[in-house]
Amino acid sequence: MLKQLRLGLVIFVLITYSIVTVFGHSHSNEPPALKYSKGANLKTANQKTDNYDLYVKALGSTVFISIVPFLILFFIPIDGTVEKQPLLKVLLSFASGGLLGDAFLHLIPHALISSTSNGGHSHSHSHGGSHSHDEEHGPHDITVGLGVLGGIITFLVVEKTMRLFSGSHGHSHGTDKKKDDKSKKASKPKKDDIKIAGYLNLAADFIHNFTDGLAIGASFIAGESIGFITTVTILLHEIPHEIGDFAILVQSGCTRRKAMFLQLLTAFGALSGTFLSIYLQGLSEGLVSSLILPFTAGGFIYIATVSVIPELLEGSNKLSQSIKEILALLAGVYMMVIIAQYE
C-alpha cells in the first residue's frame with residue numbers, strides 16, 4: 001500500500017512537471033516582439049482604464065462644486081428692484097470682503113509658498129555674540145508681486161478700453177449746460193461703469209475657476225483621498241464666492257436668470273482646468289503659482305476696491321445700513337479666514 005502511494009505521488013509529480021514544462025516551453029518559443037507587444041498592450045490598457053477613472057472622478061467632482069453653488073442661488077432673494085437695494089448692498093459688501101479675503105488669504109499666500117518652495121532664496125541667519133551672516137544676499141523674488149500688479153493693471157486697461165468702445169468718455173464739465181443735461185450725462189457713465197464691472201468680474205471668476213480646476217486635477221493625480229478633500233475645501237470656498245459674484249452681476253444690471261446663467265458659464269473654466277491638469281499630468285506648478293494665482297488676486301483686488309466698494313459709498317446715509325454693510329464685509333473676510341485655516 002505504501003509502495004503504491006509513493007508510486008502514485010511520483011507519477012503525479014512527473015505529470016505536473018511535464019505540463020508546466022510544456023506550457024512554459026510553448027510560451028518561451030514565442031517571438032520576443034510578440035511577448036513584448038502583449039505586455040505593452042496590457043500595460044496600455046491598464047493605463048487607459050486608470051486615466052478614464054481619473055477623468056471621471058475629477059471632472060465629476062468639478063461638476064459637483066459648480067452645481068451646488070448654482071442651486072443655492074435660487075434661494076438668494078435679490079433682483080434689480082429698488083426695494084431689494086439694501087439687501088443687495090449688504091451682499092455686495094459680503095462680496096467685496098470675500099474678494100479681498102480670497103486674494104490676500106488664499107491666492108497670494110499659495111503663490112508665495114509655491115514660489116519659495118520652487119526656487120526661493122533660503123536665508124540662514126546665525127546670531128551669536130558677533131553679528132555674523134552666513135547667507136548670500138540676493139535679490140528678492142518679486143514674481144508674485146509683479147503678478148498681482150499685472151492683474152490690477154490689466155483689469156484697468158481692459159476697463160478703460162471698454163469705456164472707450166462703449167462711448168463713455170467721462171464727465172462733461174461745460175458751464176453752459178442745464179442741470180438736467182448734466183445729470184443725464186453723469187448717469188450714463190455710471191451705468192456703463194457698473195456693466196463693465198460685471199464683465200470684469202466674470203473674467204476674473206472664470207480664471208479663478210480655472211485655477212480651482214487645475215488644483216482638483218492635480219490632487220486626484222496625487223491620490224483619490226487627496227482629490228476628495230480638495231473638492232470639499234474648494235466647495236466651501238466657492239459657495240460664498242459665487243453668492244458675492246451673483247450680487248455683483250445683479251448690481252451690474254443683469255436679471256436674476258441672466259446672472260445665474262452667466263455664473264454657470266464660468267464653470268467651464270473649472271472643467272477646462274481639470275481636464276488640462278490631468279491631460280498634462282498636473283501641469284507646471286511653477287506656472288500656476290507664479291503667474292495665474294497672483295494675476296487672479298490682482299483682478300479680485302481691482303474689482304473689490306475700484307468697482308464694488310465705491311458702489312457701497314454712494315447713498316450710504318443711514319447708520320444702520322452702513323453698519324450692516326461693514327459687518328457683511330467683515331463676514332466675507334472671516335469666511336475666507338476660516339477656509340484658509342483648513343486648507
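Which residues do ring pairs link into a cluster? I went to the rings before anything else, and the cluster turned out to be Tyr 55, Phe 275 and Tyr 279. Note to self: this is a predicted model.

**Entry 1, rings**

I counted the aromatic pairs and got 6 in the structure. I took Tyr 55 and Phe 275 apart in detail: the ring centres sit 5.4 Å from each other and the planes make an angle of 35°, so I logged the pair as tilted. Then I checked where the two partners live. Tyr 55 belongs to helix α2 (residues 32-72) and Phe 275 to helix α8 (residues 267-279), so this pair ties together parts that are 220 residues apart in sequence. Phe 275 has a relative accessibility of 41%, so I put it down as partly exposed.

Next I pulled up Phe 155 and Phe 295, an aromatic pair that is also tilted, at 6.1 Å centre to centre and 50° between the planes. Phe 155 is in helix α4 (residues 143-166), while Phe 295 is in helix α9 (residues 285-313), and the pair links parts of the chain 140 residues apart. Phe 155 has a relative accessible area of 5%, and since buried means under 20%, I filed Phe 155 as buried.

**Entry 2, the chain overall**

I stepped back for the inventory. I have 10 helices and 2 strands for the protein chain. Reading from the N terminus, I pass three helices, then the two strands, then helices for the rest. Of the 343 residues, 36% count as buried. The exposed surface of the chain is about 20,600 Å², with carbon and sulfur atoms supplying 68% of it. I also looked at contacts with a separation of 6 or more: 84% of them are between residues 24 or more positions apart.

**Entry 3, helix α4**

Having met Phe 155 there, I went back to α4. This helix has 24 residues and spans 34 Å from first C-alpha to last, close to the 34 Å expected at 1.5 Å a residue. Its buried residues are Val 144, Gly 147, Val 148, Gly 151, Phe 155 and Glu 159.

**Entry 4, nonpolar cores**

What I had in mind here: in soluble globular proteins, nonpolar side chains tend to be buried together. The largest nonpolar core in this model has 40 residues, and Ile 76, Ile 78, Leu 92, Phe 246, Ile 248 and Ile 303 touch the most other members. Elements giving two or more residues to this core are α3 (85-119), α4, α5 (179-222), α6, α7 and α9. The top contributor is α3, with 10 residues. I zoomed in on Ile 76: leaving out residues up to four places away in sequence, it touches Leu 91, Ile 243, Phe 246 and Arg 256. Apart from the largest core I found another, of 8 residues, including Ile 65, Ile 216, Ile 234 and Leu 235.

**Entry 5, Ser 252**

Where does Ser 252 lie? I found it in the loop between α6 (224-251) and α7 (256-265). Ser 252 has a relative accessible area of 8%, so I marked it as buried. Its side chain reaches the backbone oxygen of Ile 248 at 2.7 Å, and also the backbone nitrogen of Gly 198 at 3.3 Å.

**Entry 6, Ala 340**

Last stop: Ala 340, in helix α10 (residues 319-341). At 26% relative accessibility, Ala 340 counts as partly exposed. I took the C-alpha to C-alpha distance to His 237 and got 8.8 Å, with the two positions 103 residues apart in sequence terms.

Conventions: Residues numbered from 1 in each chain as written. Predicted model: local features only at pLDDT ≥ 70, side-chain atom pairs only at ≥ 80, totals over all residues. Heavy atoms only, no water. Phe/Tyr/Trp six-rings, centres within 6.5 Å; stacked < 30°, edge-to-face > 60°. Buried < 20%, exposed > 50% of the residue type's maximum accessible area, 1.4 Å probe, protein only. Contact = heavy atoms within 4.5 Å. Areas by Shrake-Rupley, 256 points an atom, 1.4 Å probe, with all protein chains shown as cover. Polar contact = N/O pair within 3.5 Å; in protein donor to acceptor, adjacent residues only side chain to side chain. Expected span 1.5 Å × (residues − 1). Core = buried A, V, L, I, M, F, W, Y, C linked by side-chain atoms within 4.5 Å.
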